[in-house]
Amino acid sequence: MNEQDARAAVQSAIGKVAPDVDLAEVDEDARLRQDLELDSLDFLRLVETIDTATGVDIPERDYPEVATVKGLIGYLAAHG
């Protein structure tokens, strides 16, 4: 998966899990839980949504790597 596909997958997943988030206003350095105000359940739903859409499983040990939008995009590009 290239970075453009990863970015599209992340934006789609965020749109499904947090429809109140204005994706046009989201900076790639935004922290998912703090800046986008995803609680722990929303974060898990985001991870599951990405897994379903892309087939990329994100194990719990890798959650610190995907704490930001940019980190999540990079993770998908590297593992997808």
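**Helix H2 and its surroundings**

The 15 residues of H2 should span 21 Å at 1.5 Å a residue, and the end C-alpha atoms are 21 Å apart, which agrees; the expected span is 1.5 Å times one less than the number of residues. Helices are DSSP runs (H or I, at least four residues) numbered from the N terminus. This is a predicted model in which local features need pLDDT of at least 70 and side-chain atom pairs count only at pLDDT 80 or more, while totals for chains, interfaces and linings use all residues. Residues are numbered from 1 along each chain as its sequence is written, and side-chain values use heavy atoms, with hydrogens and water left out.

The buried residues of H2 (under 20% relative accessible area, 1.4 Å probe, protein chains only) are Asp42, Phe43, Leu46, Val47 and Ile50. Seen down the axis of H2, these residues fall within an arc of 145 degrees, taken from the directions from the axis to the C-beta atoms, so they line one face of the helix. On the other side, Leu41, Glu48 and Thr52 are exposed, that is, over 50%. H1 and H3 are among what covers the buried residues of H2.

Asp42 counts as buried because its relative accessibility is 17%. Its side chain makes a polar contact (N or O atoms within 3.5 Å, one able to donate a hydrogen and the other to accept it) with the side chain of Arg45, at 3.1 Å. Leaving aside neighbours within four places in sequence, Asp42 is in contact (heavy atoms within 4.5 Å) with Val17 and Glu37.

At the N-terminal end of H2, Asp39 acts as a cap, with a side-chain oxygen 3.1 Å from the backbone nitrogen of Leu41.

Note on methods: Helix = DSSP H or I, 4+ residues; strand = E, 2+ residues; numbered from the N terminus.
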